[in-house]
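User: Please take one part of this model and look at it closely. Then follow the trail from there into the rest of the fold.

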Amino acid sequence: MQTPKGKLGLKKVDALASNEDPTIQDYVEAVSEYVLSAPELNEEIKKAAQIRLSRFLGRVLARDFAIATPPIKNVFPGKREVSGALRVVKADVSELHPLDGLRLAVEVKPINLAVGRAIWNRFGDIRTFAVNLHLKFPFAVVGGLLTIPTIEVAKSGQVKDTTHLIERAVNRLIRAGGRRNEAEAAHLLEAVGVVVYDPRSASVVRELPAEGSGLRWEEFVQSLAMAYDSRFED
């Protein structure tokens with residue numbers, strides 16, 4: 001199945017490619033449009049929308065990370081193959097250095113549909129990503145980013161609340177982050193981010209994750225920046 005290259009008929013998703021100043025709110029508005037429209041979309045359009053949304057989210061993170069770590073680093077937003085200790089993976093946001101090798105790698109894992117089934121798979125994905133890269137690049141700053149809607153919309157139009165699933169996941173994700181130095185466990189990440197959004201209002205839910213959890217967008221970006229600056233002082 002070929003992914004369509006033109007307009008998808010989703011106004012906000014289609015506008016992402018021309019957005020030169022990407023923000024997390026822009027992403028939330030576009031992904032909310034996708035989630036609410038998904039029951040009426042064919043699989044080809046769904047796949048294309050998911051790819052465009054993930055790429056845009058990588059651009060947002062690269063932008064905010066560069067702002068948090070001046071001078072701007074050579075951060076690459078986009079799929080990049082990285083050879084880890086166990087297998088080759090594709091990082092969504094990364095930086096390679098001629099002396100240090102891999103300095104930064106973030107896996108972006110949006111959970112847009114089928115939240116109940118996907119959320120635990122994504123949790124396992126980011127931990128595996130961390131192990132694979134830390135075993136080969138122990139100094140690398142590795143992050144995992146999840147975005148999760150507060151509702152699921154079935155083809156019938158039925159809406160199911162997912163808040164209870166998000167709360168459970170948040171408790172486990174807090175324990176997955178916080179790797180402070182290269183001597184700590186390889187399965188831990190330097191930072192984990194969770195963006196919870198309500199598609200009906202196209203807005204970030206401020207109550208989840210809780211302030212101080214380390215998972216909120218601003219805390220996530222700051223944790224990445226602090227870990228980076230403490231290890232790689234140019």
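Analyst: Start with Ala210, which touches Arg216 and Glu219 once residues up to four places away in sequence are set aside. Keep in mind that this is a predicted model. Ala210 sits in a loop, the one that runs between strand 8 (203–204) and helix 6. Is Ala210 buried or exposed? Neither word fits: its relative accessibility is 43%, so Ala210 counts as partly exposed. That class lies between the 20% cut-off for buried and the 50% cut-off for exposed. Now look along the chain. Ala210 and Glu167 are 43 residues apart in sequence, yet their C-alpha atoms are separated by 9.8 Å.

Follow Arg216, one of the two contacts of Ala210. Arg216 helps to line the largest cavity. The structure holds one cavity of 30 Å³ or more, and the largest has a volume of about 110 Å³. Rolling a probe the size of a water molecule over the atoms shows where such empty space is left. Which residues form this lining? They are Ile24, Val194, Val195, Val196, Val204, Val205, Arg206, Leu208, Pro209, Arg216, Trp217 and Glu218. Strand 7 and helix 6 each supply at least two of the lining residues. Strand 7 gives the most, with three. Sort the lining by class and you get nine nonpolar residues, three charged ones and no polar ones.

Trp217 is the next stop, as it is on the cavity lining. Leave aside its neighbours within four places in sequence. Then Trp217 is in contact with Ile24, Leu57, Val60, Leu61, Asp64, Leu145 and Val195. Ile24 and Val195 appear in the cavity lining too. Trp217 also belongs to the largest nonpolar core, which has 40 residues. Inside that core, Leu61, Trp217 and Leu224 have the most contacts. Where do the core residues come from? Helix 2 (24–37), helix 3, strand 3, strand 4 (141–149), strand 7 (191–198) and helix 6 (217–231) each supply at least two. Helix 3 gives the most, with 10 residues. There is a second, separate core of 32 residues, including Ile111, Ile148, Leu189 and Val205. Val205 also lines the cavity.

Strand 7 and strand 8 now lead to the sheet. Six strands form an open sheet, in the order 1-2-3-4-7-8, with mixed pairing. Strand 1 and strand 8 are the edge strands. Each has a single partner strand, so one side of each is left without a neighbour in the sheet. Strands of a sheet pair through backbone hydrogen bonds, either parallel or antiparallel.

Take the strand 1 end. Strand 1 and strand 2 (residues 88–97) pair in the antiparallel sense over six bridges. They form a hairpin, with four residues between them. Val82 stands opposite Val89 of strand 2. Move one strand over. Strand 2 and strand 3 are antiparallel as well, over five bridges. This hairpin has three residues between its strands. Which residues in strand 3 are bridge partners here? Ala105 partners Ser94, and Leu102 partners Leu96.

Strand 1 and strand 3 bring us to the largest pocket, which has a volume of about 530 Å³. Of the 21 residues that line it, Gln50, Ser54, Pro110, Asn112 and Arg122 are the closest to its centre. Helix 3 (43–68), strand 1 (76–83), strand 3 (101–110) and helix 4 (115–136) each give two or more residues to the lining. Helix 3 gives the most, with six. By class, the pocket lining has seven nonpolar, six polar and eight charged residues.

One last stop, for contrast with Ala210. Asp14 lies in helix 1 (residues 11–14). Its relative accessibility is 14%, so Asp14 counts as buried. Beyond residues up to four places away in sequence, Asp14 touches Gly6, Lys7, Leu8, Gly9 and Arg52.

Methods:
Residues are numbered from 1 along each chain as its sequence is written. This is a predicted model: local features need pLDDT of at least 70, side-chain atom pairs count only at pLDDT 80 or more; totals for chains, interfaces and linings use all residues. Side-chain values use heavy atoms; hydrogens and water are left out. On a 1 Å grid over the protein atoms alone, a cavity is a set of points where a 1.4 Å probe fits but cannot get out, and a pocket is an open set with protein on both sides within 12 Å along at least five of seven lines; lining residues have an atom within 4 Å of a point. Grid points are joined across faces, edges and corners, and a volume is the space filled by probe spheres set on the points. Ala, Val, Leu, Ile, Met, Phe, Trp, Tyr, Cys and Pro count as nonpolar, Asp, Glu, Lys and Arg as charged, and the others, Gly among them, as polar. A nonpolar core is a set of buried Ala, Val, Leu, Ile, Met, Phe, Trp, Tyr and Cys residues joined through side-chain atoms within 4.5 Å. Buried means under 20% relative accessible area, exposed over 50%, partly exposed in between (1.4 Å probe, protein chains only). Contact means heavy atoms within 4.5 Å. Two strands pair if DSSP finds at least two bridges between them.
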